[in-house]
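User: I'd like to practise reading surface patches, strands and helices in a structure. Could you walk me through some features one at a time?

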Amino acid sequence: MSTPITSKARWRALPSSLYARLALLLLAGLLVAQGVSLWLQWGERTVVVTQARGLNFADQIARTVRVLEAARPDQRQNTLPALQDSDLSVALIGSSQVSPTTPRGAIGSLVAQRLGSERQIRHVGPGGGPPFNELSSRSFDVRLADGQWVRITITQGAESAAPALPDKLILQLLLTLIIVTAVVMIAVRQATRPLQQLAQAADTLGHDLDAPPLPEQGSTETRSAAQAFNRMQTRIQRLVRERARALAAVSHDLRTPLTRLRLRAELIEDTPLRDQIGADLDAMAAMLDGTLDYLRALQTTEVRRPIDINALLESMTDDAQVLGRSIQIQGQARAPFNGRLSALRRALQNLIDNAFKYGRGASILVEDSAAALSITVQDNGPGIPAHELARVTEPYHRGDNARSQPGGGVGLGLSIVRDIALMHDGDLLLANRATGGLAATLLLPRQ
């Protein structure tokens, strides 16, 4: 049993963009209006042309009657061949052959006007109908002045169908349709373009607070929307900068008392206590440094440019070898990636550092396609519990494995990587490997 299609399902079948939907609806209405107009013109033209044909038929009847009445009765039969043509057939008939049907309409009066006196006329075939509209047989019996009946018939070869529209009218209708269609498309484009610009600006603002403001131009509604968006962008920029300045100021101002505490701790004679206080101070300093690094990652103003990912990874592996680290790279990028070099280097360095810190080594897998560039840093460590995978990218969250490590950081490394990925419209994907260890994938879509 088929399921009925609801109006909501039919609406979903339309194209998804507002521009396409409005254009289709307006064009559909235009086509319906043009169709109705064409139908009305066709009907009016049919009536007019049919009436014209009826008038022409009345003229033919009157002309035939004049010729036959002008001839002597014994010569009429010889006159008939001269009256015949491709559209007209004339025959003399007896009284017994005369049709009993009296035609309705103006045919009798029109013939009488042309002849100057009344003539008896009978309609051969189905009768009735409006004047000149019910002429399916196109045949009439007419009584001459001396009583002789003659049958006048339009032959079968004569055109009786509704007349076709002239080529000039069809060309005018097509030209009108093309012009109105173009105007509709331009009008819909002008109406929907501000929405597209607003959507693009909102998407850009999501990863670039310093994006240029929307141009405040166009209609009153468009200017109002652009002004409201620009005001919102300014308030967000001010809020983020004030928050960053406040946190940076607090982090910076805390360094002075931390330095004093470190100096005073050196005066403590109790060695175990001095070491404990020094460790706490080191942890606090690391937290401050991590917070400042995190804020710098969020506030980057670096512009995008093409980056040779293969060269970047090779330089990072060379730097790792200086520290005694060995990194294997599989695969390569097929084309440069348009991104922020310092931010991507920092994200990859965080992933490599985590792999050596918690996973006892790192390897890199590069997979490239037309849609996205994927860089996966793999390690051979214990991995991350499944229930922690979704939380380890939250700021200041440290997994159980990280907390068990000495100097395990403050829980901002993966948060910074994720924010850098989002800055490039990408994502950070974490998964435990089947063979053991963690696979951290930096997924970067190509735009």
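User: Let's start with charge on the surface. Which residues form a negative surface patch here?

Analyst: Keep in mind that this is a predicted model. For a patch, look for like charges within 9 Å of each other, on residues with over 30% relative accessible area and no salt bridge. Here D308, E314, D318 and D319 form a negative one.

User: Where does D318 lie, and why can D318 count towards a patch?

Analyst: D318 lies in helix α8, which covers residues 309–322. Its relative accessible area is 44%, so D318 is partly exposed and clears the cut-off of over 30% that a patch asks for.

User: And which residues form the nonpolar patch on the surface?

Analyst: The idea carries over, but now you join nonpolar side chains within 5 Å. V32, V36, W39 and L40 make up this patch, and together they have about 440 Å² of accessible area. W39 sits in helix α2, residues 18–70. With a relative accessible area of 63%, W39 is exposed.

User: Is there a general rule for spacing along a helix?

Analyst: There is: an α-helix has 3.6 residues a turn, so residues three or four places apart point the same way.

User: Which residues of helix α4 are buried?

Analyst: Buried means under 20% relative accessible area. In α4, residues 107–115, the buried ones are I107, L110, V111, A112 and L115. Then look at what comes next: G116 follows α4, and its phi is positive, near 85 degrees.

User: What about L292, buried or exposed?

Analyst: L292, in helix α7 (residues 271–298), is buried, with a relative accessible area of 16%. Try a distance check too: the C-alpha atoms of L292 and L247 are separated by 8.1 Å, and these residues are 45 apart along the chain.

User: Now strands. Which residues of β8 are on the covered face, and which on the uncovered one?

Analyst: For a strand, sort the residues by face. In β8, residues 362–368, the covered face holds A362, I364, V366 and D368, while S363, L365 and E367 make up the uncovered face.

User: Which strands pair with β8, and in what sense?

Analyst: Check the sense and the bridges for each pairing. Strand β6, residues 327–330, pairs with β8 in the parallel sense over four bridges, and Q330 has L365 of β8 as its bridge partner. With strand β9, residues 372–378, β8 pairs in the antiparallel sense over six bridges. There, I364 stands opposite V377.

User: How many residues does the hairpin joining β8 to β9 run through?

Analyst: Three: the hairpin takes you from β8 to β9 through three residues.

How values were computed
Residues numbered from 1 in each chain as written. Predicted model: local features only at pLDDT ≥ 70, side-chain atom pairs only at ≥ 80, totals over all residues. Heavy atoms only, no water. Areas by Shrake-Rupley, 256 points an atom, 1.4 Å probe, with all protein chains shown as cover. Salt bridge = Lys/Arg side-chain N within 4 Å of Asp/Glu carboxyl O. Lys, Arg positive; Asp, Glu negative; His and termini not counted. Charge placed at Lys NZ, Arg CZ, Asp CG, Glu CD. Helix = DSSP H or I, 4+ residues; strand = E, 2+ residues; numbered from the N terminus. Buried < 20%, exposed > 50% of the residue type's maximum accessible area, 1.4 Å probe, protein only. Pairing = 2+ DSSP bridges.
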